[in-house]
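This report sets out the architecture of one protein chain, with attention to its cores, its sheets and its disulfides. The sequence and the model are shown first.

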Amino acid sequence: SSMTREGVAQSALLLCPQSPPSPPMPSMATCAGLQCSSDAECFSLYGPEWTCVFGGFAMSCQGPCPEPPPSPARPPPSPPGSPVVAMAYISGAKSSAAHAIATATIPAGVEHRVTVEVLRNDLGSANEFVEAVFIMDADHPQIFRPANHAYKKRLRYANTSFIGSCNPDGGDQDCTFFACTDLTTTYTSMTGDLALRAEFKGHSHDCDCDMNTWECSARDDIFGRTPMTAVIRFTFTPLFSSPHPPASPSPPPSLPIPPQLPPSPNSPPLSPIYPTVVAMVYSSGTEAKTSPSAKGTAAVIAGVPYLVSMEILRNDLGDQDEYVQQVYVSDSASYTDAAPGSSIGSCNPDGGDYDCTFFACAGLATIHTAVTNELTLRVDLVGHSQDCDCDLETWVCSEENPHSIRTPVTAVARFTLTPFFASPPPPTPPPSPPRPPSPPSTPPPPSLPLSPWCTNGVYGNQPQGTPCSPVWVYKGVTYTGVCKGNDYGGQGWCSTTPTFGTPAEAWGGCTLCSPLESSPPPPTEDEGPTETEDCYMGNGAKYA
């Protein structure tokens, strides 16, 4: 009923340090007083509307809560970057609700650090704890509809972002807040309007709270406080101090600014800076792909060396057998899926399957000089699947959600290509003037024959001393620097044309060429062949 607010999950929103006026307490809300044994006792203590009621553990006085004092004036607006605090709670002494919900408003598109605290309120045993905590943009349909399955041994709900569970220490009636450090995370809202939810197990009413200050005490200890069965506090802190850095202060008037010297007319122009290239390579959808798992291209400048680094999205890569098997960086002109080039390495990120954050693969840093103006980038993964959804413009990713406005992805890699020098290499010097033509040189002596064999003039149709062809063909067999057989004078025979019979059958019996026939260089006073020295073969060797 409205008197007890049983089973009703309420929410309140606090802004720190800027807090809106606390919502007025319902005039018919029920408050608890001291323990009693009769209605008359409550009448004498609190008034005619109070009665003695069993509150779940003992008899206590209950009646309408007094009107709260007027809210203080609204404080002046807080500077940008203030934390936002949202209180989700379940009020009433007999509430059977299992979840507390709240809403919060934070700047859209700004990453926030999220911390969670839970009130130690009948949560002293191991089976009394916060079973699940969720954060999601509030405009998603059916925001807190439970799913009918568990996936990968984790409690999962449709259309929500599950951040974990919490089991506080302390006793049932400590009535202080416990920091759930394991739930600390970051969150970036797409819309700015959040829906928050916490699932409790084994809880009940052991604490009463002041809903203005959220100071709490053991039940029935302090008159006027509201009975609570569950309270959880969310704090969203932006990860910047202000949206824009402050402008640099101007120098004091007493210190004049020195005049700026004009640039020297002889100063060379500044060299252009080559830009850093960031390329996202990904596969969208829910079906994982292999060889390649994801592939894309990057526009670069040919001839520029780039320092290549890569980050991989933690997307179902939490186990040892789930990792990046190969990474390829290749010129698009020579790339094919069957021959992608040489792999630059592999990468096994840390973290969990649903982290949906990027891991820097430090061991993959390499230098690549592009031959063309486009590179093909490829990653091959094993053991992966779709556990994350991503915004394809900002590349902010979150745990998979069938109702998310983000795109489901199975593999995402971010390549960063940084030019290895800040400015282009120095320009090529102008070509040297043409050299004057050199005077004609003395022609070299005629080359020695490549074959040491000549005709003997006894056999065949060629005169004595005719050089054999260095390479000649007879009936399909090629002879190089040799004669055929051992007759026709004992050394065999040879053709004096490259092909025997073309244009005519020119041949003769073989004998070693004489020095005069081989035309060696003219001898000098100190060197050169003599009648007793060896003769030079056509290939530079000597023969006797």
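Helices, of at least four residues, and strands, of at least two, are taken here as DSSP runs and numbered from the N terminus. On that basis the protein chain has two helices and 33 strands. The coordinates are those of a predicted model.

**Overall composition**

The protein chain holds 544 residues, of which 40% are buried. Its accessible surface comes to about 29800 Å², and carbon and sulfur atoms hold 57% of that area. Among the contacts in the protein chain with a separation of 6 or more, 73% are between residues 24 or more positions apart.

**Nonpolar cores**

The largest nonpolar core has 31 residues, and the members that touch the most other members are Leu-196, Phe-200, Phe-234 and Phe-236. At least two residues of this core come from each of strand E5 (84-91), strand E6 (99-105), strand E7 (111-119), strand E8 (129-137), strand E9 (161-166), strand E12 (193-201) and strand E15 (226-238). A second core, separate from this one, consists of 29 residues and includes Val-308, Ile-312, Cys-347 and Leu-364.

Which residues surround Phe-234, leaving aside its neighbours within four places in sequence? The contacts of Phe-234 are Val-84, Val-85, Ala-86, Ala-88, Thr-115, Val-116, Val-133, Ile-135, Leu-196 and Arg-197. One of these, Leu-196, is itself among the four core members with the most contacts to other members.

**Two four-stranded sheets**

Strands of a sheet pair through backbone hydrogen bonds, either parallel or antiparallel. One open sheet is built from four strands in the order E6-E12-E8-E9, with antiparallel pairing. Its edge strands, E6 and E9, each pair on one side only. From one strand to the next, the twist averages 20°. Within this sheet, E8 and E9 run antiparallel and are joined by four bridges; Val-130 stands opposite Cys-166 in E9.

Another open sheet of four strands follows the order E17-E23-E19-E20, and its pairing is antiparallel. Here strand E17 (294-299) and E20 are the edge strands, each paired on one side only. The twist in this sheet averages 20° from one strand to the next. Strand E19 (residues 323-331) pairs with E20 in the antiparallel sense over three bridges, and the bridge partner of Val-324 in E20 is Cys-347. Cys-347 is also one of the residues of the second core, and it takes part in a disulfide, as described below.

**Disulfides**

With a pair of cysteine sulfur atoms within 2.5 Å taken as a disulfide, the count comes to 11. Three of these links are set out in the table.

| Disulfide | S to S distance | Torsion about the S-S bond |
|---|---|---|
| Cys-175 and Cys-207 | 2.0 Å | -95° |
| Cys-347 and Cys-361 | 2.1 Å | -85° |
| Cys-468 and Cys-494 | 1.8 Å | about -70° |

The link of Cys-175 and Cys-207 is left-handed. This pair connects distant parts of the chain: Cys-175 is in the loop between E9 and strand E10 (177-179), while Cys-207 is in strand E13 (residues 207-209), 32 residues apart. Both Cys-175 and Cys-207 are buried.

The link of Cys-347 and Cys-361 is likewise left-handed. Cys-347 lies in strand E20 (residues 343-347) and Cys-361 in the loop between strand E21 (358-360) and strand E22 (366-369), so the disulfide ties together parts that are 14 residues apart in sequence. Are these two cysteines buried or exposed? Buried means under 20% relative accessible area. Cys-347, with a relative accessible area of 7%, is therefore buried, and Cys-361, with 5%, is therefore buried as well.

For Cys-468 and Cys-494 the torsion about the S-S bond is about -70°, so this disulfide is left-handed too. Cys-468 lies in the loop between strand E27 (453-460) and strand E28 (471-474), and Cys-494 in strand E30 (residues 493-495), so the pair ties together parts that are 26 residues apart in sequence. Cys-468 and Cys-494 are both buried.

Technical notes
Residues are numbered from 1 along each chain as its sequence is written. This is a predicted model: local features need pLDDT of at least 70, side-chain atom pairs count only at pLDDT 80 or more; totals for chains, interfaces and linings use all residues. Side-chain values use heavy atoms; hydrogens and water are left out. A nonpolar core is a set of buried Ala, Val, Leu, Ile, Met, Phe, Trp, Tyr and Cys residues joined through side-chain atoms within 4.5 Å. Buried means under 20% relative accessible area, exposed over 50%, partly exposed in between (1.4 Å probe, protein chains only). Contact means heavy atoms within 4.5 Å. Two strands pair if DSSP finds at least two bridges between them. Axes are lines fitted to C-alpha atoms, for helices over the stretch in contact, and angles run from 0 to 180 degrees between N-to-C directions. Accessible areas come from the Shrake-Rupley method with a 1.4 Å probe; for residues, only the protein chains shown count as cover.
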